[in-house]
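Please open the model in a viewer and keep the selection panel at hand. The tour proceeds from one DNA strand to the other.

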Amino acid sequence: MALSDSADVASFSTPLPRGFYDRDTLEVAQDLLGCQLVRRVEGELIAATIVETEAYRGATDSACHAHRRKTPRTEAMFGPPGHAYVYLVYGMHWLLNIVTQPEGNPCAVLVRAVEPCLNEDAMRRARVARNRELSNGPGKLTRALSIDKALYGEDMTRADKLWVAQGPTPQRVATGPRVGIDYASPADRDAPWRLWIADNPWVSKAR
DNA sequence: TAAATGATGTCCT
DNA sequence: GGACATCATTTAG
């Protein structure tokens with residue numbers, strides 16, 4: 001399953017087009033599973049398979065940061081699809097989202113876990129807690145891929161610093177409620193909008 | 001201006 | 001299984 005030869009590296013260089021993200025958020029969250037999250041930093045190319053996502057569905061979703069109004073923080077979500085919405089939680093962890101739906105409809109997909117695919121070494125070096133699990137959680141993977149505020153609003157349809165490339169469709173996808181959103185209304189809290197590749201060991205552990 | 005609070009991870013017992 | 005770190009953003013006054 002691990003990809004390492006040069007032909008596979010070449011396949012990482014084509015980003016998914018904007019049209020991929022300009023769709024229903026739940027569909028995008030599902031279709032991102034199995035795709036490669038690709039990062040270029042300091043001349044190194046890093047790639048990891050997306051194995052867990054969550055859909056945040058705009059004004060009608062009380063768990064979505066943008067459900068009330070547009071604020072400076074959530075501005076990227078109101079913009080065109082295919083851009084990064086990066087923000088800080090708990091005063092210390094950066095989380096990566098990819099904006100979906102047409103401009104003005106503030107939706108995004110949170111990337112919750114990835115499986116190292118190319119240059120796992122660089123990911124390991126970027127982690128502070130080097131002996132902890134590498135990227136099976138939304139805050140861990142941003143640390144492993146050096147993703148922070150500097151990538152806020154980044155256009156992920158260009159092969160520049162951060163993008164997503166096509167990958168194999170997973171055999172089986174599992175769903176469940178999203179994590180850490182107790183503040184949301186019951187219907188939104190219970191909605192099965194967390195998706196992951198069934199039986200994949202890199203999926204985050206439920207809290 | 002002030003106060004409350006997280007789309008979490010790590011370490012400790 | 002639980003404590004705690006740590007601060008930008010939001011909301012209230």
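The stops below take each DNA strand in turn.

This is a predicted model, in which local features need pLDDT of at least 70 and side-chain atom pairs count only at pLDDT 80 or more, while totals for chains, interfaces and linings use all residues. Residues are numbered from 1 along each chain as its sequence is written, chains are lettered from A and ligands numbered from 1 in the order in which they are written, and side-chain values use heavy atoms, without hydrogens and water.

**DNA strand B**

Select DNA strand B and the 24 residues that surround it, a residue being near a strand if one of its heavy atoms lies within 4 Å of it. The closest are His 65, Asn 97, Gly 139, Gly 180 and Tyr 183. Next, display His 93: a polar atom of its side chain is 2.8 Å from a base oxygen of DNA strand B. Then move to Gly 139, where a backbone N or O atom lies 2.8 Å from a phosphate oxygen of this strand. The elements that contribute two or more residues to this surface are β3 (84-89), β4 (93-100), β5 (107-118) and α6 (138-144); helices (H or I, at least four residues) and strands (E, at least two) are DSSP runs, numbered from the N terminus.

**DNA strand C**

Now select DNA strand C, whose surrounding residues include Arg 68, Arg 69, Arg 73, Tyr 90 and Lys 149. Sugar and phosphate make up 68% of the atoms of DNA strand C within 4 Å of the protein. At Tyr 90, a backbone N or O atom lies 2.7 Å from a base oxygen of DNA strand C. Finish at Lys 149, where a side-chain N or O atom is 3.1 Å from a phosphate oxygen of DNA strand C.

Definitions and conventions:
Polar contact = N/O pair within 3.5 Å; in protein donor to acceptor, adjacent residues only side chain to side chain.
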